[in-house]
Amino acid sequence: MGRGPYEKSGILRDTSLPPMRTVTEKFYIPVYKESTKDGKMSRDIITNDFTVDVELWYLPYGKKEDEGNAQMWQKVTKTLSIEKGGK
């Protein structure tokens with residue numbers, strides 16, 4: 001007996017964190033402003049020193065506004081700087 005389309009109605013993506021395994025994600029933070037001068041593209045650095053705040057939240061129902069359900073698991077604040085003359 002075959003399975004009909006009612007049993008194959010969608011594909012789910014698993015976005016949960018696996019237990020006992022480190023997960024790494026990359027986020028790109030633009031620290032420059034692009035502008036065009038005389039037909040050439042140039043990038044100007046906004047600032048050399050900046051602060052990055054990262055918060056890891058658990059949202060059981062997908063909404064942060066729910067009273068008492070959202071939980072902040074970890075918060076990290078780092079001060080970063082861009083060195084001049086690098087490659």
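# A four-strand chain and its largest pocket

The lining of the largest pocket breaks down into 15 nonpolar residues, four polar ones and four charged ones. That pocket belongs to a predicted model, in which the protein chain has four strands and zero helices. Here's a quick tour, starting with the pocket, moving on to the chain as a whole, and then looking at β1, β2 and a few single residues.

**The largest pocket**

- In volume, the largest pocket comes to about 970 Å³. It is lined by 23 residues, and the ones closest to its centre are E25, F27, V54, E55 and L56.
- Two strands each put at least two residues into this lining: β3, which covers residues 49-58, and β4, which covers 71-81.
- Which strand gives the most to the lining? That's β3, with seven residues.
- As for the general idea behind looking for pockets, rolling a probe the size of a water molecule over the atoms shows where empty space is left.

**The chain as a whole**

- If you read along the sequence, the pattern you meet is β-β-β-β.
- The protein chain has 87 residues, and 5% of them count as buried.
- Its accessible surface adds up to about 9,200 Å². Carbon and sulfur atoms account for 51% of that surface.
- Now for contacts between residues at least 6 apart in sequence: 31% of these join residues at least 24 apart.

**The β1-β2 hairpin**

- Strand β1 takes in residues 32-37, while β2 takes in residues 40-45; the two run antiparallel and are joined by six bridges.
- Together, β1 and β2 make a hairpin, with two residues sitting between them.
- How many of the six residues of β1 are buried? The count is zero, leaving this strand hardly covered.
- β2 has a similar story to tell: the number of buried residues among its six is zero, so β2 lies largely in the open.
- Among the bridge pairs, K33 is matched with D44 of β2, and Y32 is matched with I45 of β2.

**Y32 and I45, a bridged pair**

- Y32 sits in strand β1. Its relative accessibility is 33%, and because partly exposed means between 20% and 50%, Y32 counts as partly exposed.
- Leaving out residues up to four places away in sequence, Y32 touches R43, D44, I45 and I46.
- One of those contacts is with R43, eleven residues from Y32 along the chain. The C-alpha atoms of Y32 and R43 are separated by 6.0 Å.
- Over in strand β2 you'll find I45. This residue is partly exposed too, with a relative accessible area of 48%.
- Which residues does I45 touch, not counting those up to four places away in sequence? They are V31, Y32 and I82.
- V31 and I45 are 14 residues apart along the chain, and their C-alpha atoms are separated by 6.0 Å.

**Two residues with a positive phi**

- D38 isn't a glycine, yet its phi is positive, at about 55°. You'll find D38 in the loop between β1 and β2, in the turn of the hairpin.
- Is D38 buried or exposed? It counts as exposed, because its relative accessibility is 82% and the cut-off for exposed is over 50%.
- M20 isn't a glycine either, and its phi is positive as well, at about 60°.
- Where does M20 sit? Its place is in the segment before β1.
- With a relative accessibility of 88%, M20 counts as exposed.

Technical notes
Residues numbered from 1 in each chain as written. Predicted model: local features only at pLDDT ≥ 70, side-chain atom pairs only at ≥ 80, totals over all residues. Heavy atoms only, no water. 1 Å grid on protein atoms, 1.4 Å probe; cavity = no way out; pocket = protein on both sides within 12 Å on 5 of 7 lines; lining within 4 Å. Points joined across faces, edges and corners; volume = space filled by probe spheres on them. Nonpolar A, V, L, I, M, F, W, Y, C, P; charged D, E, K, R; others polar. Buried < 20%, exposed > 50% of the residue type's maximum accessible area, 1.4 Å probe, protein only. Pairing = 2+ DSSP bridges. Contact = heavy atoms within 4.5 Å. Areas by Shrake-Rupley, 256 points an atom, 1.4 Å probe, with all protein chains shown as cover.
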